[in-house]
Amino acid sequence: MRFCPFAHRTRLVLAAKGIDYETVNVCTKNKPEWFFAINPLAKVPTLQHDGKVVYESQVCNEYLDRVFPGRKLSPEEPLEKARIGMLQAIWDAKIMPNYMKTKRTEGKERQDAFRAFKEGLAFLEKSLTDSGKLFFGGDQPGFLDYSVWPFVERFETTLHGDLKLPQAEFPKVLAWKAAMFERPEVKACMFDTATYTSVSADYDPDFGLGA
């Protein structure tokens with residue numbers, strides 16, 4: 001799970017809130033029996049806190065935000081919370097599936113996937129434009145920023161050349177991306193593009209686990 005983007009989500013929240021923790025990497029290709037004993041899905045991330053177990057990345061992040069002190073990452077105002085949830089739904093339905101198609105297809109099919117990817121990303125561009133803020137969470141990153149960032153960080157392996165995002169179409173998203181790269185919690189959790197490229201080539205989230 002060392003390079004799993006879903007575990008990356010929760011590591012970002014842990015870093016953003018300054019929570020001390022111990023990491024136990026689990027080989028996701030050959031999951032140990034003890035892992036099934038604490039999580040019936042045997043998926044990462046899985047948290048153990050005060051003798052209790054919490055799993056699923058978004059559930060883990062919500063739990064951490066509610067239980068631990070520090071700045072709140074998820075909005076309390078119902079309409080703002082709904083806005084963040086709807087943007088996450090667009091990400092899940094329109095952005096990520098089409099991004100994955102750009103990695104697995106060629107020619108016209110790949111260009112069609114990239115076009116659909118940009119159509120989804122346009123909703124995020126509009127959200128940043130309408131809010132007038134640098135981050136989806138406002139003046140600082142919040143729940144959605146940390147939820148989508150692990151995948152954006154990995155976009156560097158694919159979105160270049162004829163798949164490069166045009167500055168004219170996505171000025172707010174690209175400014176957000178540059179600002180996120182400068183965040184200390186992002187720097188603490190990131191790997192370089194060459195590493196992600198190697199992981200992607202082998203489809204191996206456990207790449208270099210023993211290192």
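**Exercise 1. Find out which residues Thr10 touches, leaving out those up to four places away in sequence.**

Solution. Start at Thr10 and skip its close sequence neighbours: the residues it touches are then Pro45, Leu47, Ser57, Cys60, Asn61 and Leu64. Next, place Thr10 itself: it lies in helix α1, residues 5-16. Finally, is Thr10 buried or exposed? Its relative accessible area is 2%, and buried means under 20%, so Thr10 counts as buried.

Keep in mind that you're looking at a predicted model.

**Exercise 2. Work out where the confidence is high and where it drops.**

Solution. Take the whole protein chain to begin with: the mean pLDDT is 91, and 93% of the residues reach 70 or more. Now go element by element: α7 has the highest mean, 98, while helix α9 (residues 193-202) has the lowest, 69. Then check residues 205-211, where the pLDDT is below 50. That stretch still has 23 contacts in the model beyond near neighbours in sequence.

**Exercise 3. Decide how the rings of Trp149 and Trp176 are arranged.**

Solution. A pair of aromatic rings is described by the distance of the centres and the angle of the planes. There are 12 aromatic pairs here. For Trp149 and Trp176, the centres are 5.5 Å apart and the planes stand at 75°. Angles over 60 degrees count as edge-to-face, so that's what this pair is. Where do the two residues sit? Trp149 is in helix α6 (residues 143-155) and Trp176 is in helix α7 (residues 171-181), so the pair links parts of the chain 27 residues apart. Both of them are buried.

**Exercise 4. Trace Phe155 into the nonpolar core.**

Solution. Begin with its contacts: leaving aside neighbours within four places in sequence, Phe155 meets Trp91, Met96, Tyr99 and Phe117. Ring pairs also put Phe155 in a cluster with Phe6, Trp91, Tyr99, Phe114, Phe117 and Phe151. Now zoom out: the largest nonpolar core has 41 residues, and Phe155 is one of those with the most contacts inside it, as are Trp91, Leu121 and Trp176. Elements giving two or more residues to this core include α1, α4 (78-104) and α5 (107-131). A second, separate core has 6 residues, among them Cys4 and Val44.

**Exercise 5. Describe how strands β1 and β2 go together.**

Solution. First, the direction: β1 (residues 46-49) and β2 (residues 52-55) pair in the antiparallel sense over 4 bridges. Pick one bridge: Gln48 has Val53 in β2 as its partner. Last, the link: 2 residues lie between the strands of this hairpin, and Asp50 in the turn has a positive phi of about 55°.

Notes. Residues are numbered from 1 along each chain as its sequence is written. This is a predicted model: local features need pLDDT of at least 70, side-chain atom pairs count only at pLDDT 80 or more; totals for chains, interfaces and linings use all residues. Side-chain values use heavy atoms; hydrogens and water are left out. Rings of Phe, Tyr and Trp (its six-membered ring) pair if their centres lie within 6.5 Å; planes under 30 degrees apart count as stacked, over 60 as edge-to-face and the rest as tilted. Buried means under 20% relative accessible area, exposed over 50%, partly exposed in between (1.4 Å probe, protein chains only). Contact means heavy atoms within 4.5 Å. pLDDT is the predictor's confidence in each residue, from 0 to 100. Two strands pair if DSSP finds at least two bridges between them. A nonpolar core is a set of buried Ala, Val, Leu, Ile, Met, Phe, Trp, Tyr and Cys residues joined through side-chain atoms within 4.5 Å.
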